[in-house]
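Let's take a walk through this structure together, starting with the whole chain and then moving on to a few spots worth a closer look. Keep the 3D view open as you read.

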Amino acid sequence: MSGDHSHSEDQVITTSVFSDSQKHKDKFKKEHKHKDHKKEKEREKSKHGNSDHKDFSDKKHKDKEKMKHKDGSTDKYKDKYKEKRKEEKIKSFDCKVKLEKENGFDSPLHLKSEPENIFHSPKNDKSLKRERDDDDYEIKPKKIKTENDKKAKKRKPQVEDIKTVKTKNKKGEMPDGKKKAKKEPEEKWKWWEEERYTDGVKWKFLEHKGPVFAPPYEPLPSNVRFYYDGKPMVLSADAEEVATFFAKMLDHEYTTKDVFRKNFFKDWRKEMTPEEKAKITDLKKCDFSEMHQYFKAQTEARKAMTKEEKLKIKEENERILQQFGFCIMDNHKERIANFRIEPPGLFRGRGDHPKMGMLKRRIRPEDIIINCSKDSKYPEPPPGTRWKEVRHDNKVTWLVSWTENIQGSIKYIMLNPSSRIKGEKDWQKYETARRLKKCVDRIRNQYREDWKSKEMRIRQRAVALYFIDKLALRAGNEKEEGETADTVGCCSLRVEHIKLYPEIDGQEYVVEFDFLGKDSIRYYNKVPVEKRVFKNLQLFMENKEPDDDLFDRLNTSILNKHLQELMDGLTAKVFRTYNASITLQAQLKELTSEEENIPAKILSYNRANRAVAILCNHQRAPPKTFEKSMQNLQTKIDAKKEQLSAAKRELKGAKADAKVRKDEKSKKAVESKKKAVQRIEDQLMKLEVQATDREENKQIALGTSKLNYLDPRISVAWCKKWGIPIEKIYNKTQREKFAWAIDMAEKDYEF
DNA sequence: TAACTCACTTAGTAGAACTCTA
DNA sequence: TAGAGTTCTACTAAGTGAGTTA
């Protein structure tokens with residue numbers, strides 16, 4: 001694909017243009033003391049098993065190259081390049097997408113009720129903390145009005161009209177939990193058919209019951225002992241509680257890691273009495289095995305509970321859910337996502353996190369900030385306690401917040417993805433990505449031009465943007481050193497994260513990426529790039545140490561400011577959403593064939609989904625049972641083949657018999673054998689498709705892209721077009737999250 | 001303008017819940 | 001019906017990006 005990005009030789013600029021490079025370097029260069037980074041990387045490499053991963057990545061790359069820009073946009077580059085100057089005159093200012101000016105892409109919305117570009121500008125949301133100027137309203141579609149607008153269709157006004165989660169049945173009674181589960185197709189609130197708030201207001205009325213706190217610590221029975229240096233030792237309640245956190249994790253790899261052990265021990269000692277502190281000085285001498293056994297036994301006992309006991313627990317959970325799991329937001333009952341406060345425990349930071357093992361302390365009511373309406377019934381703190389604060393901020397979506405003690409970050413209780421507040425935002429996200437589709441050609445042309453800029457900062461920005469666009473890299477915010485695992489994104493890439501090959505494996509200008517991204521997931525990719533990008537990278541790396549920033553004059557803030565100028569609401573992450581969705585759409589078109597049956601079509605869908613997951617580097621550890629389950633499946637396939645051969649033999653016999661007898665009965669027998677063969681063939685095919693799908697999915701997680709990057713309307717449209725039940729693509733939770741898309745997208749929807 | 005704060009989305013995983021099969 | 005295998009959900013860490021402060 002890089003071929004169509006090529007430029008003529010005369011456009012290659014010599015390095016002399018950048019003589020100021022080093023002068024500025026120190027100014028912009030951040031201090032990196034990643035002494036351990038290389039070691040960590042090596043460790044990570046060996047952990048992942050290089051050869052396997054290489055194969056995976058090579059395939060990944062091939063797939064990527066195949067699928068990239070299937071929308072045909074790059075084909076337009078050459079022609080557009082010739083007309084660039086002409087175009088620039090026309091579009092000399094910014095690329096703020098005014099619909100009347102956009103005629104490059106004709107992308108009509110094929111929706112029942114979606115007003116064109118209803119989410120015209122995320123700036124509408126951006127101004128949440130400032131008062132908007134009246135001028136801002138000029139760009140808003142007329143359809144969007146405030147609730148105060150008398151002509152606007154109001155949000156459902158009656159509290160009794162709550163039907164988001166539970167609605168009245170035909171008799172006008174509220175169904176119980178079980179009936180509700182069976183009667184899924186109840187009338188739902190179609191918030192997407194109503195007007196949205198403006199001015200950053202998220203709600204007008206909010207009432208909830210507050211959070212559910214973690215249950216208090218229950219001391220261990222006296223027969224479960226902790227041993228120090230081989231001798232039993234009775235611990236104080238506080239020390240014992242923290243000890244149990246460690247004991248519960250004894251089977252986990254975490255407890256073998258030095259950093260985890262060190263952090264745990266340090267924090268544990270803080271909870272000890274002076275006497276305990278004086279005695280317990282070495283973690284190696286601590287024996288938690290009896291505690292560990294006790295918890296294991298408890299788990300087993302839970303599993304072995306009778307049906308009745310299990311039902312009792314289920315009912316209790318349901319009661320808590322009904323009491324605390326919902327709120328009233330603007331006259332609608334909405335499900336809360338996480339109404340339980342995180343229990344105390346040991347921090348499980350991912351990758352080589354410097355704080356892993358630290359004690360996550362217990363959250364008390366005095367730590368909690370409640371957010372609700374002034375005119376609502378405030379949640380009650382537990383008896384004898386008080387909230388830290390009760391506030392009434394309707395410019396935010398959270399209900400409860402607290403500050404955690406590990407990183408000092410704020411944690412929130414928010415609404416479920418099926419709620420209006422989350423759904424609107426999700427819909428808006430895809431609309432922004434669709435607006436990018438309309439001007440992505442121009443943006444690509446621009447960053448290609450910028451590769452030639454006389455200014456280093458512009459070149460860096462342009463190359464970074466190219467990576468973000470081409471490889472779906474994350475933006476890469478700067479991180480506080482020593483506070484988190486050493487991971488990077490595009491803007492924070494360091495010299496040591498890439499290798500340049502003028503020629504390798506029969507390809508020219510290849511860049512090899514090898515770094516740890518979000519969640520310390522390794523990103524490894526070998527990509528041929530355009531010559532100009534390659535030359536620029538050589539330049540950026542000149543006179544730098546491995547741990548220097550590759551883009552020393554760029555950060556996400558600079559990049560996003562630039563993107564904002566190119567398109568209203570454009571940020572680095574919009575490219576990921578755009579490229580994921582456009583890839584899915586293109587792949588579905590390419591892979592789905594009319595004559596296939598439903599299982600084969602679903603395989604095609606999963607393959608399209610997989611292409612996106614590969615693009616976004618959504619990896620997973622292969623399931624522990626993978627090999628075994630594949631083996632089982634293969635056994636089933638073999639048995640089915642055997643069964644098919646037998647059925648075919650029987651059919652042959654029946655045919656021969658019918659030839660001789662020539663009576664009705666034998667004819668019927670032939671028909672029935674034919675049907676049997678057909679049925680077994682179908683079953684075999686289904687099994688084979690399942691095996692292929694599972695094998696291809698070994699290391700790829702499809703869920704993340706499905707939930708976060710793929711415009712659900714593409715999937716809904718595909719289902720409608722090919723008569724695939726939506727349940728085959730989205731499970732119940734996903735259907736709830738994407739209810740808006742399921743309702744509005746028709747079979748001819750185009751992203 | 002760098003550092004910090006805040007609000008939100010995106011992410012992988014553990015274990016619960018469900019389904020299938022012998 | 002047990003238990004093995006699979007799917008779903010809850011959980012919470014780790015990102016992004018806008019706004020604020022010094």
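In chain A, 73% of the contacts with a separation of 6 or more are between residues 24 or more positions apart. Keep in mind that this is a predicted model. Chain A has 24 helices and 15 strands, and 48% of its 751 residues are buried.

**The DNA side**

Now look at DNA strand B. There are 27 residues around this strand, and Lys422, Lys518, Arg576, Thr704 and Tyr709 come nearest. What kinds of residues make up the surface near DNA strand B? By class, there are 13 charged, 8 nonpolar and 6 polar ones.

Several elements chip in here. Strand S12 (410-413), helix H13 (420-450), helix H17 (572-591) and helix H21 (703-708) each give at least two residues to the surface near DNA strand B. The largest share, 3 residues, comes from H13.

Which part of the DNA faces the protein, then? Of the atoms of DNA strand B within 4 Å of the protein, 82% belong to sugar or phosphate, and bases supply the rest. Here are three places where a phosphate oxygen of DNA strand B pairs up with a protein atom:

| Residue | Protein atom | Distance to a phosphate oxygen of DNA strand B |
|---|---|---|
| Arg576 | polar side-chain atom | 2.7 Å |
| Lys573 | N or O atom in the side chain | 3.2 Å |
| Gln619 | polar backbone atom | 3.4 Å |

**Tyr709**

Tyr709 was on the list of residues that come nearest to DNA strand B, and the unreviewed UniProt entry has an "active site" annotation covering Tyr709. You'll find Tyr709 in the loop between H21 and helix H22 (712-722). Is Tyr709 buried or exposed? Tyr709 counts as buried because its relative accessible area is 15%, and the cut-off for buried is under 20%.

Who are its partners? Leaving aside neighbours within four places in sequence, Tyr709 touches Tyr430, Arg576, Thr577, Ala580, Ser581, His618 and Thr704. With Arg576 there's something extra: a polar contact of 2.9 Å joins the two side chains. So that's Arg576 again, the residue with a polar side-chain atom 2.7 Å from a phosphate oxygen of DNA strand B.

**Ser715**

Move along to helix H22, where Ser715 sits. Ser715 counts as buried because its relative accessibility is 0%. Beyond its neighbours within four places in sequence, Ser715 is in contact with Leu584, Tyr605, Ile729 and Tyr730.

**A helical stretch**

Next up are residues 630-697, which the unreviewed UniProt entry annotates as a "coiled-coil region". In the model, this span is 96% helix and 0% strand. Its end C-alpha atoms lie 12 Å apart.

**Helix H8**

Last stop: helix H8, which runs over residues 237-248. How far does H8 reach from its first C-alpha to its last? The 12 residues of H8 span 16 Å, close to the 16 Å expected at 1.5 Å a residue.

H8 is mostly covered, with 9 of its 12 residues buried. Those buried residues are Ala239, Glu240, Glu241, Val242, Ala243, Thr244, Phe245, Phe246 and Ala247. What does the covering? The cover over the buried residues of H8 includes helix H9 (258-271), helix H10 (274-279) and helix H11 (289-303), along with strand S7 (345-346) and strand S8 (359-360).

Terms used
Residues numbered from 1 in each chain as written. Chains lettered and ligands numbered in written order. Predicted model: local features only at pLDDT ≥ 70, side-chain atom pairs only at ≥ 80, totals over all residues. Heavy atoms only, no water. Helix = DSSP H or I, 4+ residues; strand = E, 2+ residues; numbered from the N terminus. Expected span 1.5 Å × (residues − 1). Buried < 20%, exposed > 50% of the residue type's maximum accessible area, 1.4 Å probe, protein only. Contact = heavy atoms within 4.5 Å. Near = heavy atom within 4 Å. Polar contact = N/O pair within 3.5 Å; in protein donor to acceptor, adjacent residues only side chain to side chain. Nonpolar A, V, L, I, M, F, W, Y, C, P; charged D, E, K, R; others polar. UniProt positions renumbered as here; feature names shortened; annotations may be inferred.
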